[in-house]
Amino acid sequence: MARFETVSDETIKRGECTDIYFVRTEETLGRDNINPVVSMEVTAAALPDSWAVFCGLSDVITLLEGLPVMVDAMPEGSIFFENEPVLRISGKYRDFCRYETAILGFLCHASGIASAAAHITVAACGHPVYSFGSRRQHPAIAGMIERAAWIGGVDGVSNTCAPGGLPLVGTMPHAFVMCYKKPEDAWRSFDRYAPEEVPRIMLCDTWCDEKAESLRAAECGATMVRLDTPRSRRGDMPAIIDEVRWELDAHGFDTVKILLTGGVTREDITASLQSVDAFGVGGAIANAPVIDFGMDIVETEGKPLAKRGKRSGTKQVYELPGGKHQTLPVSKEAPEGGKPLIEPFIKNGIVVKVSDMQEARRRVLDRLPDFSL
C-alpha cells in the first residue's frame, strides 16, 4: 500500500489513472461494438510565450509501447508554435482511449517546464542558470522536472533524484549557517569538509546586510557569494547586487562571483545581468505554466474529420530555412528546403525510435541563438 498520495507506474501503464468519462466512453462504445480507426493529433491553440519546447515524449513512448497503435511525433527538444501538431496517435480508438489523460499530463507538464527553462536561459544571455525548484514541487516527480529543465537548457539541477549524469549544484541553506555561532564558522567548516570539486559558494544574507556578509565570506575563501534574500525583504534588489559587486571589487575580491537565488523570475534576470554571474531559479521553472495541449480526432477510417475549431486530416510540420515552420496535410508535397519534423516512434506497438535526453537538450541549445534577446 502506498504511503504517499501518489500513483504507481503500474497503475498509469494499465490506463487506470484517467478521467472517468474515458472509462464510460470505452464501456459504451464496447456495448455498441463501435471501435473506429482514428488518428488523433496533439496541438496547443495558445502558448505562454511565442514559442515552446516539446518535452515528455519519452514517457508517452513508455506508456504506449505494446499497444496496437502508431505514434508519430516531433523529437523531444523541438521548438514548436501555436496550432502545430507535435504528436499523432493512430489506431482503433478503444485501444488507447483511456490513455489520453496520461498522455496530455506527460506532455503538458514537461513541455511547460522545458519551455520556461529555455526562455529563462535565453534571458540569461550566457550566464549559468540552475534549476533550484525542488521545494516547489511534489517530490515524486522531481526526476521528471529536473529532466525537463535540463532539456530546456539549464546548466545544473539541485535534486538528488535527477536522471543520472546531470550536474548537481548547491552548497548550503540558511539553517546550516545558523547552526554555527558565526557565519564565518559555517563558511570555514564548509570549505574544510566539502569535496574539493564542490565550488565554495557561501550564502551571504543570513544575519545582516548582504554587502557586509559578502565581504566576510570573501575573506573566508568564497569563490562565489549567494544572495537569497526573500522577496519580502529585498527592497531594490538590483541596487543591492550592484552595491555588493562594487564593494567586493573595491576590497580586491574582483574574482569573487555572485549567484542570485530566491524567487528569481525572468524579469529579475534581465534586470541583474550586469552584476550577477549565475542564477538559481526555483518556482519560475518548477511551477511554470503548463502547455495547454489538446488531443483531437483529425481522421476517422481514413477520412479527414475534425470537431469545430480544429483542422481535419493528418499533418506534417516542416522547418523552413531560417527557422520558420509550415504545417501542411501529409498528402501535400513538402515545401522547398523544408525539413519534416514529425517522425515515427512506435509502429504497431513496437518502439522504432527512443527519445534521448541529451539529444533533446542539444536540439534546444542549437535553436536558442535564434531567439536571443
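**Chat about a predicted model**

Colleague: Let's start with Val 23: is Val 23 buried or exposed?

Modeller: Val 23 counts as buried, because its relative accessibility is 17%, where buried means under 20% relative accessible area, exposed means over 50% and partly exposed lies in between, worked out with a 1.4 Å probe and protein chains only. Before we go on, please keep in mind that this is a predicted model, in which local features need pLDDT of at least 70 and side-chain atom pairs count only at pLDDT 80 or more, while totals for chains, interfaces and linings use all residues. Residues are numbered from 1 along each chain as its sequence is written, and side-chain values use heavy atoms, with hydrogens and water left out.

Colleague: Okay, and where is Val 23 found?

Modeller: Val 23 is found in helix α2, which covers residues 20-31; helices (H or I, at least four residues) and strands (E, at least two) are DSSP runs, numbered from the N terminus. If we leave aside neighbours within four places in sequence, Val 23 is in contact with Thr 18 and Arg 98, where contact means heavy atoms within 4.5 Å. Glu 219 is another matter, as its C-alpha atom is separated from that of Val 23 by 65 Å, with the two positions 196 residues apart along the chain.

Colleague: Zooming out, how many helices and strands does the protein have?

Modeller: There are 13 helices and 18 strands in the protein, and its C-alpha atoms fill a box of roughly 75 × 55 × 35 Å, taken along the principal axes. The protein has 373 residues, of which 49% count as buried. Taking contacts between residues at least 6 apart in sequence, 68% join residues that are at least 24 apart.

Colleague: Which helices pack against α6, for example?

Modeller: One such pair is α6 (residues 142-152) with α13 (residues 357-367), whose axes are 7 Å apart and meet at an angle of about 40°. Axes here are lines fitted to C-alpha atoms, for helices over the stretch in contact, and angles run from 0 to 180 degrees between N-to-C directions.

Colleague: What does that make α6 relative to α13?

Modeller: That angle makes α6 oblique to α13, because angles under 35 degrees count as roughly parallel, over 145 as roughly antiparallel, 65 to 115 as roughly perpendicular and the rest as oblique. On the α6 side, Arg 147, Trp 150, Ile 151 and Gly 152 take part, and they meet Met 357, Gln 358, Ala 360, Arg 361 and Val 364 of α13. By type, the residues of this contact divide into five nonpolar, two polar and two charged.

Colleague: Arg 147 again; what else does Arg 147 touch?

Modeller: Not counting residues up to four places away in sequence, Arg 147 touches Cys 55, Ser 58, Glu 76, Pro 163, Ser 355 and Met 357. Arg 147 is also buried, with a relative accessible area of 16%.

Colleague: And Arg 226, where does that one sit?

Modeller: The place of Arg 226 is in strand β9, residues 224-227, and this residue is buried too, with a relative accessible area of 11%. Among the residues that Arg 226 touches are Met 172, Pro 173, Leu 259 and Thr 261, whereas Pro 48 is 30 Å away, C-alpha to C-alpha, and 178 residues apart in sequence.

Colleague: New topic: how many disulfides does the structure hold?

Modeller: It holds zero disulfides, a disulfide being a pair of cysteine sulfur atoms within 2.5 Å.

Colleague: Why is there no bond for Cys 17 or Cys 161?

Modeller: The sulfur of Cys 17 has its closest cysteine sulfur in Cys 108, which at 14 Å is too far for a bond, and the sulfur of Cys 161 has its closest one in Cys 55, at 18 Å, which is again too far. Cys 17 counts as partly exposed at 32% relative accessibility, while Cys 161 is exposed at 55%.

Colleague: Last one: what is the phi of Cys 125?

Modeller: Cys 125 has a positive phi of about 50°, although it is not a glycine. Most residues other than glycine have a negative phi. Cys 125 is found in the loop between α5 (100-123) and β6 (129-131), and it is partly exposed, with a relative accessible area of 44%. Glu 301, in the loop between β12 (293-300) and β13 (303-304), also has a positive phi, near 50°.

Conventions:
Nonpolar A, V, L, I, M, F, W, Y, C, P; charged D, E, K, R; others polar.
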